[in-house]
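Me: I should like to learn how to read the features of a protein model, one at a time. Where should a newcomer begin?

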Amino acid sequence: MAKRDYYEILGINKNASEAEIKKAYRKKAIEYHPDKNPDNKDAEAKFKEAAEAYEVLSNADKKAKYDQFGHQAFEGGGGFNGGNMNMDDIFSQFGDIFGGAFGGGGFSGFSGGGGQRRVKGSNLRIRVKLNLEEIANGVEKKIKVRRKVQAQGTTYKTCSTCNGSGQVTRIANTILGRMQTSSPCNVCGGAGQVIDKKPADADAQGLKIIEETVSIKIPAGVVDDMQLKVSGKGNEAPGHGIAGDLIVVIEEEKHDKLQREGDNLHYDMYISYPDAVLGTSKEIDTVTGKVRIKVEAGVQSGKILRLRGKGIPSINGYGRGDLLVHVNVWTPKTLSKQQKEFFESMQNDEHFEPKPDSTDKSFFEKVKDMFS
């Protein structure tokens, strides 16, 4: 089933401000909150759907990618998996957005401990180099990642400062009366637990570094500097918290013969003067293998041959770009005496006089056609 538009889910337009996005999400989240809709699977699904939309639209970088590429920007192992997110994940990331709407910011029934916030591990960021062939066809990469995981043998006990809630409540007297505020516990960092025992090879948080091979499915059509997310493959968090994410940044390698322009590719093909006069066929490289193309007799330098569908697939799934072959007639710089005499004899021959017609477009017309 196709995903709904994130703006439609929150009931806002693309020009909505950060404050308007937050306000719209808070309204939806309160409407479908599990405490107000017990045992209502439809409300729970809409609650998660709103969280997914907010997670993307509240982040300037993700919002820009979504506006440009739609849901495709986060697919191929890098998609936000909000639909399968559990309530702990949502509350740990966005719990403070509800303010005091549900028991002063606590969420009974989730995360355990009556409102405990689950700590999330830090994200990891790696760059993955792809050649044009891999970008054109999609690829699965196996990458070695050094990440922190909970050391075997680490045990935890309830934090005595917050009694396992992960929150510290303070009451202050103000001119408006007694005000109650809650903040993450500074002793356990909001986890509600502190280390009881840990092995010698673990750090102060009970974590150790391992090297793990992570499989990343990269969809066809990605662009340079695009970011994909592999959920849960970042650093783990202490106290059985939520693992961070692995952020994969695409780095496009330069091709020695093809140049990319959006979904289209460009290829400079050089032919000799005799080939331009008599016609020829040439084998050229494409991202799907070599192809042979026919060059008509009398071809002019600067002619552009369009091979439809031989470019890069659209990341949005809207077809495939073209390969534009630019014909360049190579003029020799040195000639033998016999060759020079031949061309001198042809200087005034009518067949060698330039006679462009309507089919011989100017440089500017060719550029215009390329972008049309």
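Reply: A useful start is the vocabulary of exposure: a residue is buried under 20% relative accessible area, exposed over 50%, and partly exposed in between. Asp225, with a relative accessible area of 42%, is therefore partly exposed. Please bear in mind that this is a predicted model.

Me: Where does Asp225 lie in the chain?

Reply: Asp225 belongs to the loop that joins strand S7 (207-218) to strand S8 (227-230). Its backbone deserves attention too: Asp225 is not a glycine, yet its phi is positive, at about 75°.

Me: What sign does phi have in most residues other than glycine?

Reply: In most of them phi is negative. Asn163 is another residue with a positive phi, of about 55°, although it is not a glycine. Asn163 sits in the loop between strand S3 (155-158) and strand S4 (167-174).

Me: Is Asn163 buried or exposed?

Reply: Asn163 counts as exposed, because its relative accessibility is 64% and the cut-off is over 50%.

Me: How should I read the chain as a whole, and how many helices and strands does it have?

Reply: The chain has nine helices and 15 strands. Of its 372 residues, 40% are buried. The exposed surface comes to about 21700 Å², with 48% of it supplied by carbon and sulfur atoms. Contacts tell a further part of the story: among those with a separation of 6 or more, 67% join residues 24 or more positions apart.

Me: How is a single helix read? Please take H3 as the example.

Reply: The general idea is that an α-helix has 3.6 residues a turn, so residues three or four places apart point the same way. Helix H3 covers residues 41-57, which is 17 residues. From first C-alpha to last, H3 reaches 24 Å, close to the 24 Å expected at 1.5 Å a residue.

Me: Which residues of H3 are buried?

Reply: The buried residues of H3 include Ala43, Phe47, Ala50, Ala51 and Tyr54. Charged residue types appear in the list as well, among them Lys48, Glu52 and Glu55. At the start of H3, a side-chain oxygen of Asn40 comes within 3.1 Å of the backbone nitrogen of Asp42.

Me: How does one describe the surroundings of a residue in a strand, such as Thr286?

Reply: One may take its place, its burial and its partners in turn. Thr286 lies in strand S12, residues 280-286. Thr286 counts as buried because its relative accessibility is 5%. Its side chain reaches the backbone nitrogen of Thr288 at 3.2 Å and the backbone oxygen of Gly289 at 2.4 Å. Leaving aside residues up to four places away in sequence, Thr286 touches Glu133, Leu258, Val291 and Leu323.

Me: How many disulfides are there?

Reply: A disulfide is a covalent bond between the sulfur atoms of two cysteines. The count for this structure is zero, taking sulfur atoms within 2.5 Å as the rule. Cys185 is in no disulfide, and its nearest cysteine sulfur, that of Cys188, is 3.8 Å away. Cys185 counts as buried, at 2% relative accessibility.

Me: Why does Cys188 form no bond with Cys162?

Reply: The sulfur of Cys162 is the closest cysteine sulfur to that of Cys188, but the distance is 3.7 Å, which is too far for a bond. Cys188 counts as buried, with a relative accessibility of 11%.

Me: Finally, how are aromatic pairs read?

Reply: A pair of aromatic rings is described by the distance of the centres and the angle of the planes. The structure holds six aromatic pairs. For Tyr7 and Tyr66, the ring centres are 6.1 Å apart and the planes lie at 40°, so the pair is tilted. Tyr7 is in helix H1 (residues 6-10) and Tyr66 in helix H4 (residues 60-69), so the pair ties together parts 59 residues apart in sequence. Both Tyr7 and Tyr66 are buried.

Me: How does the pair of Tyr273 and Phe343 read?

Reply: Their ring centres are 5.8 Å apart with the planes at 75°, so this pair is edge-to-face. Tyr273 lies in helix H7 (residues 273-278) and Phe343 in helix H8 (residues 337-346), so parts 70 residues apart in sequence are tied together. Tyr273 counts as partly exposed at 31% relative accessibility, and Phe343 as partly exposed at 29%.

Me: Which residues form an aromatic cluster?

Reply: Tyr6, Tyr7 and Tyr66 form one aromatic cluster.

Technical notes: Residues are numbered from 1 along each chain as its sequence is written. This is a predicted model: local features need pLDDT of at least 70, side-chain atom pairs count only at pLDDT 80 or more; totals for chains, interfaces and linings use all residues. Side-chain values use heavy atoms; hydrogens and water are left out. Helices (H or I, at least four residues) and strands (E, at least two) are DSSP runs, numbered from the N terminus. Buried means under 20% relative accessible area, exposed over 50%, partly exposed in between (1.4 Å probe, protein chains only). Contact means heavy atoms within 4.5 Å. Accessible areas come from the Shrake-Rupley method with a 1.4 Å probe; for residues, only the protein chains shown count as cover. A polar contact is a pair of N or O atoms within 3.5 Å; within protein, one must be able to donate a hydrogen and the other to accept it, and residues adjacent in sequence count only if both atoms are side-chain atoms. The expected span of a helix is 1.5 Å times one less than its number of residues. Rings of Phe, Tyr and Trp (its six-membered ring) pair if their centres lie within 6.5 Å; planes under 30 degrees apart count as stacked, over 60 as edge-to-face and the rest as tilted.
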